[in-house]
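Q: Let's go through this one in short steps. I'll ask as I read.

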Amino acid sequence: MHSKRQAKRAAGKTGVLILLIVFAIVEIFPFLWMLSVSFRTRVGIYDPGNLFGNLTLGNYQEIFDSGILKLFLNSFIVAIFSTLISLVLGTLAAYGFARFNWKKRESRAFWVLSQRFLPAMAVIIPYYLMGAVAGLLDTRIWLIICYIGFNLPFATWMMRGFIEDVPRELEESAMVDGCSRLAALRKVIFPLVLPGMVATAIFCVINCWNEFVFANFLTTISAKTVPVSVMTYLTVAGVKWGEMAATGILAVLPVMIFAIAVQKYMIRGLTFGSVKG
Amino acid sequence: MREKSPRLPGGHGRGWLSDYLRRNQHVKFIAPAVAVLFILSIIPTIFLLLISLTNYQLGWDFSRAEFVGLANYIRLLTGGDADFWHAVFISLAFMVIATALEMVLGFIVALLLNKYEFKAKAVIIGIMIIPLAMTPSIAGQMWKLMFNSEYGLLNYILRGLFDVSVVWLSKDLAFWSILIVDIWQFTPFVALIMYAGLRSVPAEPYESAMVDGAGPARILFSITIPMMKKLIFLALLLRAVDALKLFDTAYVLTQGGPGNATEFLSLHVYRLVNAQNGLIGRGAAVAVILLAVVTVVSRVLLYLQRRGEDA
């Protein structure tokens, strides 16, 4: 009787494991396919079954020769500056939301969050026209400004959660000891929420790194970022799948390294800091 | 818990602003962020509204634009733009179907992950992050390659196994192909959130339910789901709004085609305002409606989520 139940449990466990493995294979498959395509010759791509024939590094060579590094540099600069500005403003606002109580606090906080839900295709029209008037189209500055629009609500909500985790008593005792509120913020809160700030920054960087709509419509040549590169691989002579896949691999690598670095905060990042798993 | 600062001696007569700031200490912390967001969202939204009342076209001098009142909206609502209602319909349909399937599949994956402890779990969770890490525009292109009816991988497999090939991005199937990509990309998102929720549910209610002899379905519907209400609404909110705004994947896979088969609202905006048509005024009206739909959906879900939180 006992062993029968054990056998049933073991069978159940195997079944669950098989289902999860199937799911994982489906999920990883497009990535593996991109990896495979990135090493194929132009002819090899048209023969999907030929997995290990005619492998080449030519696609990587090709994208480096055609100046992909400049796009990576643009992506990097835009992501870093937009993130830094959002993080500073967002942390201050988060402190306000975490440490003070006023009647409309939650409404204000949700107003901040709702800015994140603005559809990019709706605001792109005014952003384009305003950028044109200001002469800022196709500059990294304009993209940095636009990205603050979705990074700042995210940073505010993430940092609010992290600051709420710090016991109020710590800064109150510092203030009793004669620290001003800002000094308490700097000396007590800041060191304690630093890991959370780093995690928040990384999520902001990833969001900018993969952003497509603003980058596609607001840049043409000089400020173009990595996600937009796909458009240049669609040529009249056909699609350059190999180069595209190689770009995709190079783009996803830093994100994956970052994701491993913040895996402890992954759930927080996915839920705007509202789940502290 | 409202913080009251003590009235400082000599605090009078310093003007209403410093008085106000002392009584509302939060203001100086949140004001910079709120000001920036105001500039980045309210001003563009007002500008968008104004543009939508004109016949402005791409490349025109602003002085050439004429005020046309609500003509752009009337055209949309009275069927003068036949593709508009189709766009509204498929956008809402996509939001409902994608969100529902992703929620159900994600919840099932989370339940499976939570059921037993095994070594491969960390690897599986690691793999689930990959679709979220891949650049959507490039991932979309890779799916386009796999969907290709002649040399795509999916048809290669289908031909080998069943001797059939499917035109994935045809008029009839393109909507569903985009749905497949969306489900691939965001089921892990829901699953990761739900899994975190399942892990934080306390054990006691389960123990007493077991003692009472409740079956697994009963436990799921009367304990697990109610306890995770807040999280479920949160995932629902994030997914529904994102699905409604969908642009990258559809733009890359089909550009709204074939015909208008996958012309979601955001792609309809794109078709009106792109360099060939340049109908900024009319596109702005569609954008305003997209904005309104997203606002209504997110408001309703936020309300439900906050109510779930209080309960």
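**Helix packing and chain layout**

Q: Which hand does the crossing of helix 4 and helix 11 of chain B have?
A: Helix 4 of chain B passes helix 11 of chain B in a right-handed crossing (the near helix is turned clockwise from the far one by less than a right angle; anticlockwise would be left-handed). Helices here are DSSP runs of H or I with at least four residues, strands are runs of E with at least two, and both are numbered from the N terminus.

Q: And where do the coordinates and numbering come from?
A: This is a predicted model, with local features needing pLDDT of at least 70 and side-chain atom pairs counted only at pLDDT 80 or more, while totals for chains, interfaces and linings use all residues. Residues are numbered from 1 along each chain as its sequence is written, and chains are lettered from A and ligands numbered from 1 in the order in which they are written.

Q: Back to that pair in chain B. What are the angle and the axis distance?
A: Helix 4 (residues 82-115) and helix 11 (residues 229-245) of chain B cross at roughly 145 degrees, and their axes come within 8 Å. The axes are lines fitted to C-alpha atoms over the stretch in contact, and angles run from 0 to 180 degrees between N-to-C directions.

Q: Which residues meet there?
A: From helix 4 of chain B: Ser91(B), Phe94(B), Met95(B), Ala98(B), Thr99(B), Glu102(B) and Met103(B). Helix 11 of chain B brings Ala235(B), Leu236(B), Arg239(B), Ala240(B), Ala243(B) and Leu244(B). Contact means that C-beta atoms, placed from the backbone, lie within 7 Å. By class there are nine nonpolar, two polar and two charged residues (nonpolar: Ala, Val, Leu, Ile, Met, Phe, Trp, Tyr, Cys and Pro; charged: Asp, Glu, Lys and Arg; polar: the others, Gly among them).

Q: What does the rest of chain B consist of, helices or strands?
A: Chain B has 14 helices and zero strands. Its radius of gyration is 25 Å, well over the 19 Å that the globule rule gives for 311 residues, so chain B is more spread out than a compact globule. The radius is taken over C-alpha atoms, and the rule is 2.2 Å times the number of residues to the power 0.38. Along its principal axes the C-alpha trace of chain B spans about 80 × 65 × 35 Å.

Q: How many helices and strands in chain A?
A: Chain A has twelve helices and two strands, in the order α-α-α-α-α-α-α-α-α-α-β-β-α-α. Its radius of gyration is 24 Å, where a compact globule of 277 residues would have one near 19 Å.

Q: What about the domains of chain A?
A: Domain 1 covers 2-38 and domain 2 covers 65-270, bounds that come from an automatic or database domain assignment. The C-alpha centres of the two domains of chain A are 35 Å apart. Four residues of domain 1 and six of domain 2 make the contact.

Q: How do helix 3 and helix 6 of chain A pack?
A: At an angle of about 40 degrees, with the axes of helix 3 (residues 68-99) and helix 6 (residues 140-165) 6 Å apart. Helix 3 of chain A passes helix 6 of chain A in a right-handed crossing, and their contact has 19 nonpolar, eight polar and three charged residues.

Q: Last one: how many residues are in the contact of chain A with chain B?
A: Chain A gives 71 residues and chain B gives 75. On the chain A side, helix 1 gives the most, with 15 residues. That side of chain A has 54 nonpolar, 14 polar and three charged residues.

How values were computed. Contact = placed C-beta atoms within 7 Å.
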